[in-house]
Amino acid sequence: MTGILQNLLWTGIKETFYMVIVSTVVSYLLGIPIGVMLYVTDKGGILENRLLNIVTGFIVNVTRSVPFLILLVALLPFTRFLVGTTIGSTATIVPLVVAAAPFVARMVESSLKEVDIGVIEAAKAMGSSPFQIIYKVLLPEAKPSLVVGAAIAFATILSYSAMAGFVGGGGLGAIAVNYGYYRYQTDVMLVTVLILVVIVQVFQEAGMYLANRLDKRKTDRRTSK
């Protein structure tokens, strides 16, 4: 593989990390509050509000139901309005966030549902406010599951970023499309796929390791031994 292609791949790796990390962070900044709201407003929740829960859940489900490539194209005017362009890695962040935030919200909601209801009841009995229950009980108790969800979300957003290469997005996806697909350079395609697989595996294993370290139940078992 020539030096030019090596430089191109290195640039693609940096653009991919830029897109995925920024998109993941922003998606969690939006998705965590939405996920918490879905959980606490559900039936039997600490701030039960069925109407708000149904409306929010409907919006989340509709957004999640749209295939990413269709969503990407549909958001082109909005993307151009926000960042002034529809091509490149920065422009790709907009549809990535719109697609990933609802996914993250459901992941967060699922993680919160794993929290032992007895812990929540104990916090209520001690006079904790809903705000205190959310930030001092729910989120800390769900931390291991949230970390696993973050690793899954990272892999999902990475796959979305690769698909964005078909419509001018940057990163490894664009290299795979422009060189591996349009120019029939199979070696470039294979290398980009291999790099993407390695990135996913590294972050997945790191997420699982961190989740295991944060899981108090497994920590207690290790300590008892």
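1. Residues count as buried when their relative accessible area is under 20%, and as exposed when it is over 50%. In this model, which is a predicted one, I134 has a relative accessibility of 10% and therefore counts as buried. The residue belongs to helix α7, which covers residues 130-141. Once neighbours within four places in sequence are set aside, the contacts of I134 are with V36, V40, I46, L139 and P140. L158, by contrast, is 24 residues away from I134 in sequence, and the two C-alpha atoms are 30 Å apart in space.

2. On the overall fold, the protein chain contains 11 helices and zero strands, so that a reading from the N terminus gives α-α-α-α-α-α-α-α-α-α-α. The C-alpha trace spans about 65 × 50 × 25 Å along its principal axes. Of the 225 residues in the chain, 40% count as buried. When contacts between residues at least 6 apart in sequence are considered, 71% of them join residues that are at least 24 apart.

3. The largest nonpolar core deserves a closer reading. This core has 25 residues, and those with the most contacts inside it are F68, L96, L172 and I199. At least two of its residues come from each of α1 (3-40), α3 (68-74), α5, α8 (143-163), α9 (171-181) and α10 (186-214). Apart from this core lies another, of 19 residues, which includes V40, V115, I120 and V137. V40, named in that other core, is also among the contacts of I134 when neighbours within four places in sequence are left aside. As general background, nonpolar side chains tend to be buried together in soluble globular proteins.

4. L172 and T16 are best taken as a pair. With its neighbours within four places in sequence left aside, L172 is in contact with L9, G12, I13, T16, T192, I195, L196 and I199; of these, I199 is, like L172 itself, one of the residues with the most contacts inside the largest nonpolar core. T16 is found in helix α1 and is buried, because its relative accessible area is 2%. A polar atom of the T16 side chain lies 2.9 Å from the backbone nitrogen of L172. On the same basis of leaving aside neighbours within four places, T16 is in contact with L158, S161, G171 and L172.

5. L190 offers a contrast in accessibility. This residue is found in helix α10, and it counts as exposed because its relative accessibility is 56%. L190 is 14 residues from A176 in sequence, and the C-alpha atoms of the two residues are 8.4 Å apart in space.

6. Turning to enclosed space, the count comes to one cavity of 30 Å³ or more, and about 70 Å³ of space lies in the largest cavity. Its lining is made up of L72, L76, T79, T86, I87, A91, T92, P95, A164, V167, G168 and G169. The elements giving two or more residues to that lining are α4 (76-83) and α5 (89-113), and α5 gives the most, with three residues. By class, the lining of the largest cavity divides into seven nonpolar, five polar and no charged residues.

7. The second largest pocket has a volume of about 260 Å³. The residues that line this pocket are T24, Y28, I32, L146, V147, A150, A151, F154, F203 and G207. At least two lining residues are supplied by each of α1, α8 and α10, with α8 giving the most, five residues. The lining of this pocket has eight nonpolar, two polar and no charged residues.

8. Finally, both ends of helix α6 merit a check against the model. At the start of α6, which covers residues 117-125, a side-chain oxygen of D116 reaches to within 3.0 Å of the backbone nitrogen of G118. Following α6 comes G127, whose phi is positive, near 85 degrees.

Technical notes: Residues are numbered from 1 along each chain as its sequence is written. This is a predicted model: local features need pLDDT of at least 70, side-chain atom pairs count only at pLDDT 80 or more; totals for chains, interfaces and linings use all residues. Side-chain values use heavy atoms; hydrogens and water are left out. Helices (H or I, at least four residues) and strands (E, at least two) are DSSP runs, numbered from the N terminus. Buried means under 20% relative accessible area, exposed over 50%, partly exposed in between (1.4 Å probe, protein chains only). Contact means heavy atoms within 4.5 Å. On a 1 Å grid over the protein atoms alone, a cavity is a set of points where a 1.4 Å probe fits but cannot get out, and a pocket is an open set with protein on both sides within 12 Å along at least five of seven lines; lining residues have an atom within 4 Å of a point. Grid points are joined across faces, edges and corners, and a volume is the space filled by probe spheres set on the points. Ala, Val, Leu, Ile, Met, Phe, Trp, Tyr, Cys and Pro count as nonpolar, Asp, Glu, Lys and Arg as charged, and the others, Gly among them, as polar. A nonpolar core is a set of buried Ala, Val, Leu, Ile, Met, Phe, Trp, Tyr and Cys residues joined through side-chain atoms within 4.5 Å. A polar contact is a pair of N or O atoms within 3.5 Å; within protein, one must be able to donate a hydrogen and the other to accept it, and residues adjacent in sequence count only if both atoms are side-chain atoms.
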